[in-house]
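Colleague: Please choose one part of this model and take me through it closely. Start with the overall layout, then stay with that part.

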Amino acid sequence: MGRFCARCGSESGVYIRGLCSDCYWKEMDMEIPSDISVTMCPECRSHLQGKKWVERDEIADNDCKAVAAAETELLRQKKFHGGVTLEWASGEVIERDASGRPKAIMLNLRLKEKSTGIEHKTAVLVSIEYSTCSTCKKYARKEHEAVVQIRANERPLDNEDQKHVERVINEICKRGPDRNRGGIVEIKEKEGGYDVKFASLSAARVFAKRLHEDYGAAVQESPKIVGIDRRSGGRVYKNTISIKLPRLRVGDLVSLRNNVYLLTGFDRGRAIVKDMRSGGRRTLGVDEYIALEKISEDYVRRVRLDGRTSSHADFYDLNKSSFIEIPPEMIPPEMKIGEEGLLIRHEGKENVYRIAKWDRTESI
Ligand SMILES: [Zn+2]
Ligand SMILES: [Zn+2]
């Protein structure tokens, strides 16, 4: 063919852009930097890309995060010739600082020249520098626009409430802003409840809305003047969102206009009840919800129907292990022998309600 390398004159092997592959890759290696540096946040391990902090959420391991940041940075700086692609990269930590964080990484690369498909291996030394990112700085200063005060209505917060609150916190952290912190700057226990500081008012509102919609909490927002801005002379507000977890909760037996209901849940802040007699469900209006009265546990007994005659029905009290006789009109006619139910004392009368037809998970 009479071809030869424009640099070394070699007449053997495959040519890439007028050079033998040795000379081509030698030239490429000159273009690729022998070392680059990457800046990472020591708190959240996000890495600085130009002026923007980026966190690789899907990587849990800190060493792997540093390697991924190094690879991203190398590609971002576009140090490769147009005809060359990065086929594969792997890195290893070769030096650590006093706190054990990666300080230097050897990034091994496999490159490929597109037109010929010829591959070449090389390595780049990456030094990692640490600097706290803007978000972590903000959190360290506990800067916040809103405080959410979580309390329970007419009772102290209990384990059940804590579980609700934790569930909502987990939810907002998963999808929320600021690197899995959901905008939460600080959580403090206070007056039998919690005070939660949020970096932004909008994040605080999302949090409050969830507790309202899913758990029927009452939400009230009030801006409070905390001072005057010295430079602008304007008022500085700090918003307080007060959250009252409802006095009633899912699983409570309640009465409304002589009827007995089971509170089964909340939908967009409105209570859903199940009629203990008919089993029918409905969503209550705000006024109805306020009028609900909780039936004390002292008035509820778990019973089993053991037999019935024309004059009375025999029940066995499952908690007290005793027998009770009840007039037949107080029990549902379709109740079967051996079936369990609830004997509820309400408005001075005792009635038996069926529970067997219900889903066990929502029975009491
Ligand atoms: Zn050559
Ligand atoms: Zn950070």
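**One sheet, strand by strand**

Modeller: The chain is divided into domain 1 (32–133), domain 2 (142–245), domain 3 (249–295) and domain 4 (296–364); the bounds come from an automatic or database domain assignment. The centres of domain 2 and domain 4, taken over C-alpha atoms, are 44 Å apart.

This is a predicted model: local features need pLDDT of at least 70, side-chain atom pairs count only at pLDDT 80 or more, and totals for chains, interfaces and linings use all residues. Residues are numbered from 1 along each chain as its sequence is written, with chains lettered from A and ligands numbered from 1 in the order in which they are written.

Confidence next. The chain's pLDDT (the predictor's confidence in each residue, from 0 to 100) averages 87, and 96% of the residues score at least 70. Residues 359–364 fall below 50; beyond near neighbours in sequence, this stretch has six contacts in the model (C-beta atoms, placed from the backbone, within 7 Å).

Now the sheet. Five strands (DSSP runs of E, at least two residues, numbered from the N terminus) form an open sheet. The order is β21-β20-β19-β22-β23, and the pairing is antiparallel (at least two DSSP bridges between strands). The edges are β21 (322–326) and β23 (349–354). Each has a single partner strand, so one side of each is left without a neighbour in the sheet. Neighbouring strands are turned by 40° against each other on average, direction ignored (axes are lines fitted to C-alpha atoms).

Take one pair. β19 (residues 300–308) and β22 (residues 340–346) run antiparallel, joined by five bridges. Arginine 301 has leucine 343 of β22 as its bridge partner.

Conventions. Two residues are in contact if their C-beta atoms, placed from the backbone, lie within 7 Å. Helices (H or I, at least four residues) and strands (E, at least two) are DSSP runs, numbered from the N terminus. Axes are lines fitted to C-alpha atoms, for helices over the stretch in contact, and angles run from 0 to 180 degrees between N-to-C directions.
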